[in-house]
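Let's take a walk through this model together. Have the sequence and the 3D view open, and follow along from one stop to the next.

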Amino acid sequence: MYHPTFKQLKYLLAVSNNLHFGKAAKECFVSQSTLSSGIQELEKLLNIKLIERTKRRVLLTPLGENISERSQKIIMELNDVLDYAKSSQKILSGETTLGIIPTIAPYVLPQIMPKLNSKYPMLELKLIEDQTANILKMLSNGSLDLAIIAKPYNTINLTVLTLKKDFFYVAVPSNNPLAKKINQSINSHDISKTNMLLLDEGHCLRDHALEACGPKARANVDAFKATSLLTLVQMVASGVGITLLPEIVINSQLVKNTKIRILEYENKKNYREICICWRKSSPRINEFNALTSFFMKNL
């Protein structure tokens, strides 16, 4: 009797989680055609239809949903076997998958990855960039080994260590009256008098900024919702409004040579926590602690 392979079950679970073949393929680090072939082979092996696919949407059949749930349990058990084997090998060697959110990834990875490759040349780090909810879901089902996210966020059943406090600053157009307060720490009352721009729903940075800006400023949040920090910075530079940006962003190339001013906010009272997390059941604690120490020193 032939049995489904680990890859086939992993492909099915990825499609179940994303309901999108392109995103599922990216999560599995394969081409879309490879993933599609793997699903077709699994359907042929089981002699059932697992997925309904049209030009507009992807759905799992009832049998597909049931088998996907069972596959998640199998994959987690197999990942635990692999993690146990890796824990007995040379520290931080071989493949490790890291999920990281888009409001952190482009601002820390370019400077940290060369140092990481130099210190741990045997480590094969595979990166997935996605929003926090999706990252934590993949971590929970075993698709990821580690995740770097920003708190506050619900991280129950995970080991969570803080890497850095990422303080909020106010970004204003150079012609905004607040720009004159360059040597002062402005407060929530100051920013409540102007148009506040934020990221779209789904980005945890939006929630963090809303919490930091206070109730009066929240009343002036613009209906415009940026899909990325690049768009947000460009909108501020064009004079549409102001925004709150975390420290790692203002220290990056994103805001340099733009027509915006960065102002200290409430004497650095407000911040998000950049954290690294993994499943409490993982036996790779020593490895992950070593990686945590590396990130702490280099962020």
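**Where two helices cross**

Start with H2 and H3, which pack at an angle of about 100 degrees, with their axes 8 Å apart. Here axes are lines fitted to C-alpha atoms, for helices over the stretch in contact, and angles run from 0 to 180 degrees between N-to-C directions. That makes H2 roughly perpendicular to H3, since angles of 65 to 115 degrees count as roughly perpendicular, under 35 as roughly parallel, over 145 as roughly antiparallel and the rest as oblique. By class, the contact of H2 with H3 has five nonpolar, three polar and no charged residues. For that tally, Ala, Val, Leu, Ile, Met, Phe, Trp, Tyr, Cys and Pro count as nonpolar, Asp, Glu, Lys and Arg as charged, and the others, Gly among them, as polar. From H2 come Phe-21, Gly-22, Ala-24, Ala-25 and Cys-28, and they meet Gln-32, Leu-35 and Ser-36 in H3. Contact means heavy atoms within 4.5 Å.

Before going on, a word on the model: it is predicted, local features need pLDDT of at least 70, side-chain atom pairs count only at pLDDT 80 or more, and totals for chains, interfaces and linings use all residues. Residues are numbered from 1 along each chain as its sequence is written, and side-chain values use heavy atoms, with hydrogens and water left out. As for the labels, helices (H or I, at least four residues) and strands (E, at least two) are DSSP runs, numbered from the N terminus.

**The two sides of H2**

Stay with H2, residues 21-28. Which of its residues are buried? They are Phe-21, Ala-24, Ala-25, Glu-27 and Cys-28, where buried means under 20% relative accessible area, exposed over 50%, and partly exposed in between (1.4 Å probe, protein chains only). Looking down the axis of H2, you'd find these buried residues within an arc of 160 degrees, so they line one face of the helix. The arc is taken from the directions from the helix axis to the C-beta atoms. On the other side of H2, Lys-23 and Lys-26 are exposed.

What do the buried residues of H2 pack against? Their partners are helices H1 (6-18), H3 (32-46) and H6 (132-140), along with strands S1 (51-53), S2 (58-60) and S4 (123-129). Right after H2 comes Phe-29, with a positive phi near 60 degrees.

**Cysteines on their own**

How many disulfides does the structure hold? Zero, with a disulfide being a pair of cysteine sulfur atoms within 2.5 Å. Cys-28 is buried, at 9% relative accessible area. Its sulfur is 20 Å from the closest cysteine sulfur, in Cys-277, and that is too far for a bond. Cys-204 is in no disulfide either, as the nearest cysteine sulfur, that of Cys-275, is 10 Å away. Cys-204 is buried too, with a relative accessible area of 5%.

**Two helix residues to look up**

Next, find Ser-140 in helix H6. With 41% relative accessibility, Ser-140 counts as partly exposed. Leaving out residues up to four places away in sequence, Ser-140 touches Met-76 and Arg-279. Ser-140 and Ile-276 are 136 residues apart in sequence and 14 Å apart in space, C-alpha to C-alpha.

Ile-276 turns up again at Thr-292, which touches Leu-161, Leu-163, Ile-276 and Trp-278, again leaving out residues up to four places away in sequence. Thr-292 sits in helix H11 (residues 285-298) and is buried, at 2% relative accessibility.

**Backbone oddities**

Most residues other than glycine have a negative phi, and most peptide bonds are trans. Now for some exceptions. The peptide bond from Lys-151 to Pro-152 is cis, with omega near 15 degrees, and Pro-152 lies in the loop between strands S5 (146-151) and S6 (158-173).

Move on to the loop between strand S11 (260-265) and strand S12 (271-279), where you'll meet Glu-266. Its phi is positive, near 50 degrees, and Glu-266 is buried, with a relative accessible area of 15%. Lys-268 lies in the loop between S11 and S12 as well. Lys-268 has a positive phi of about 55 degrees and is partly exposed, at 33% relative accessible area.

**One last helix**

Finish at helix H9 (residues 229-237), whose buried residues are Leu-229, Leu-232, Val-233 and Val-236. They cover an arc of only 95 degrees around the axis, which puts them on the same side of H9. Just after H9, Gly-239 takes a positive phi of about 90 degrees.
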